[in-house]
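Reader: Before I use this model, I would like to go through its helix packing, its core and a few single residues. Please show it.

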Amino acid sequence: ANPFLQKAAEAVMQNLDNPEYGIENLCADLGMSRMNMYRKFQGATAQTPSEFIRTIRLRRGAEMLLSTDRSVAEVAYAVGFTSPQYFTKCFKEDYGTTPKKFKNSQSDNLYLGHS
C-alpha cells in the first residue's frame, strides 16, 4: 500500500467522529501544504482530499453497520457526518443502496471482515 495514503487514512481514522475534521486538519497532520496534498492525492488516487476523507468515513460506517447494533443515525454521527440524511445520501451514492438496506441485506450473510 502507498505509505502516503496509509498515513492519510490513519489521520482521518483518528479523527473520525469529528465532523469538523477536514482538509486543513489533514494538511497539518501530514505536514504539507494544501497544494502539495492535492498533487499527492491526484497522483495516488483519482480523488480529491475531501472525497478521500468522505470515502474513509463511509467505509468505516459500512463496517460499523455490519459489526454493531447501532442505528444508521448513531453510525452517521460516529463517523463524523453532521446529519444522518447526508450520510444516507453519500452512502447510497457510494454503495448503491441505503445504509438500512445494506445492514439488513448483509446481516443475512456471515460477515467475515476484510482489510
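Author: What follows is a set of questions and answers on this predicted model.

Reader: At roughly what angle do the axes of helix 1 and helix 3 cross?

Author: Two packed helices are described by the angle between their axes and the distance between the axes. Helix 1 covers residues 3-14 and helix 3 covers residues 34-44, and their axes come within 10 Å. The crossing is left-handed. The angle is roughly 115°.

Reader: How many residues in the contact of helix 1 with helix 3 are charged?

Author: Helix 1 contributes Phe 4, Leu 5 and Ala 8 to the contact, and helix 3 contributes Met 37, Lys 40, Phe 41 and Ala 44. Of these residues, 6 are nonpolar and none is polar. Lys counts as charged. The number of charged residues is 1.

Reader: Which helix supplies the largest share of the largest nonpolar core?

Author: In soluble globular proteins, nonpolar side chains tend to be buried together. The largest nonpolar core here has 31 residues, and Val 12, Leu 26, Met 37, Phe 41, Phe 52 and Phe 87 touch the most other members. Helices 1 to 6 each supply at least two residues of this core. The largest share, 7 residues, comes from helix 4.

Reader: What span, first C-alpha to last, does helix 4 reach?

Author: Helix 4 runs over residues 49-67 and has 19 residues. Among its buried residues are Phe 52, Ile 56, Arg 57 and Leu 65. At 1.5 Å a residue the expected span is 27 Å, and the model comes close to it. The span reached is 27 Å.

Reader: Is Tyr 21 buried or exposed?

Author: Tyr 21 sits in the loop between helix 1 and helix 2. Beyond four places in sequence, its contacts are Ala 11, Val 12, Asn 15, Leu 26, Asp 29 and Arg 57. Buried means under 20% relative accessible area. Tyr 21 has a relative accessibility of 5%, so Tyr 21 counts as buried.

Reader: What is the relative accessibility of Phe 91?

Author: Phe 91 belongs to helix 6. Neighbours within four places aside, Phe 91 is in contact with Leu 58, Ala 62, Leu 65, Gly 96, Thr 97, Thr 98, Pro 99 and Phe 102. Phe 91 counts as buried because its relative accessibility is 0%.

Reader: Which residues does Phe 87 touch, not counting residues up to four places away in sequence?

Author: Phe 87 is one of the core residues that touch the most other members. Under that sequence limit, Phe 87 touches Leu 58, Gly 61, Val 72, Val 75, Ala 76, Val 79, Phe 81 and Pro 99.

Reader: How far apart in space are Asn 104 and Leu 65, C-alpha to C-alpha?

Author: Asn 104 lies in helix 7, residues 99-107. Asn 104 is partly exposed, at 45% relative accessible area, whereas Leu 65 of helix 4 is buried. The two are 39 residues apart in sequence. In space their C-alpha atoms are separated by 9.1 Å.

Conventions: Residues numbered from 1 in each chain as written. Predicted model: local features only at pLDDT ≥ 70, side-chain atom pairs only at ≥ 80, totals over all residues. Heavy atoms only, no water. Axes fitted to C-alpha atoms, helices over the stretch in contact; angles between N-to-C directions. Helix = DSSP H or I, 4+ residues; strand = E, 2+ residues; numbered from the N terminus. Left-handed = near helix turned anticlockwise from the far one by under 90°. Contact = heavy atoms within 4.5 Å. Expected span 1.5 Å × (residues − 1). Buried < 20%, exposed > 50% of the residue type's maximum accessible area, 1.4 Å probe, protein only. Core = buried A, V, L, I, M, F, W, Y, C linked by side-chain atoms within 4.5 Å.
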